[in-house]
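Biologist: Got a minute to go through this model with me? Pull it up and we'll take it from there.

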Amino acid sequence: MVVGSVAGILFISIVFRDRLGGLTVAIAVASAGTAFAISFGGFYRPGDRVQLGHQG
């Protein structure tokens, strides 16, 4: 089971290696946003809606 999982992850990383950079950036931005939200404990609460971008 473990060998199959490792082989599957290795296969996917080889096939999609040119696109993994974008995934890394997306994960980094999401974790930075989470850290920001946690650091301002009372500012955001679970369930709050946050609008990103320009409202027009």
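Modeller: Sure. Before we start, a residue is called buried when its relative accessible area is under 20%. Also keep in mind that this is a predicted model.

Biologist: What percentage of the 56 residues count as buried?

Modeller: The cut-off for buried is under 20% relative accessible area. Applied to the 56 residues of the protein chain, the share that counts as buried is 0%.

Biologist: How many helices and strands are there in the protein chain?

Modeller: Strands are quick to deal with, as the chain has zero. For helices, the count is two.

Biologist: What share of the exposed area do carbon and sulfur atoms supply?

Modeller: The protein chain exposes about 5,300 Å². Of that area, carbon and sulfur atoms supply 70%.

Biologist: Which elements give two or more residues to the nonpolar patch on the surface?

Modeller: The patch is made up of Phe11, Ile12, Val15, Phe16, Leu20, Leu23 and Ile27, with about 650 Å² of accessible area together. The elements giving two or more of these residues are α1 (2-15) and α2 (20-39).

Biologist: Is Phe11 buried or exposed?

Modeller: Phe11 sits in helix α1. Its relative accessibility is 56%. Exposed means over 50%, so Phe11 counts as exposed.

Biologist: And Ser31: which residue's backbone oxygen does its side chain reach?

Modeller: Ser31 is in helix α2, and it is partly exposed because its relative accessible area is 41%. At 3.1 Å, the Ser31 side chain reaches the backbone oxygen of Ala28.

Key:
Residues numbered from 1 in each chain as written. Predicted model: local features only at pLDDT ≥ 70, side-chain atom pairs only at ≥ 80, totals over all residues. Heavy atoms only, no water. Patch = residues over 30% accessible without salt bridge, like charges linked within 9 Å, V, L, I, M, F, W, Y side chains within 5 Å. Areas by Shrake-Rupley, 256 points an atom, 1.4 Å probe, with all protein chains shown as cover. Salt bridge = Lys/Arg side-chain N within 4 Å of Asp/Glu carboxyl O. Helix = DSSP H or I, 4+ residues; strand = E, 2+ residues; numbered from the N terminus. Buried < 20%, exposed > 50% of the residue type's maximum accessible area, 1.4 Å probe, protein only. Polar contact = N/O pair within 3.5 Å; in protein donor to acceptor, adjacent residues only side chain to side chain.
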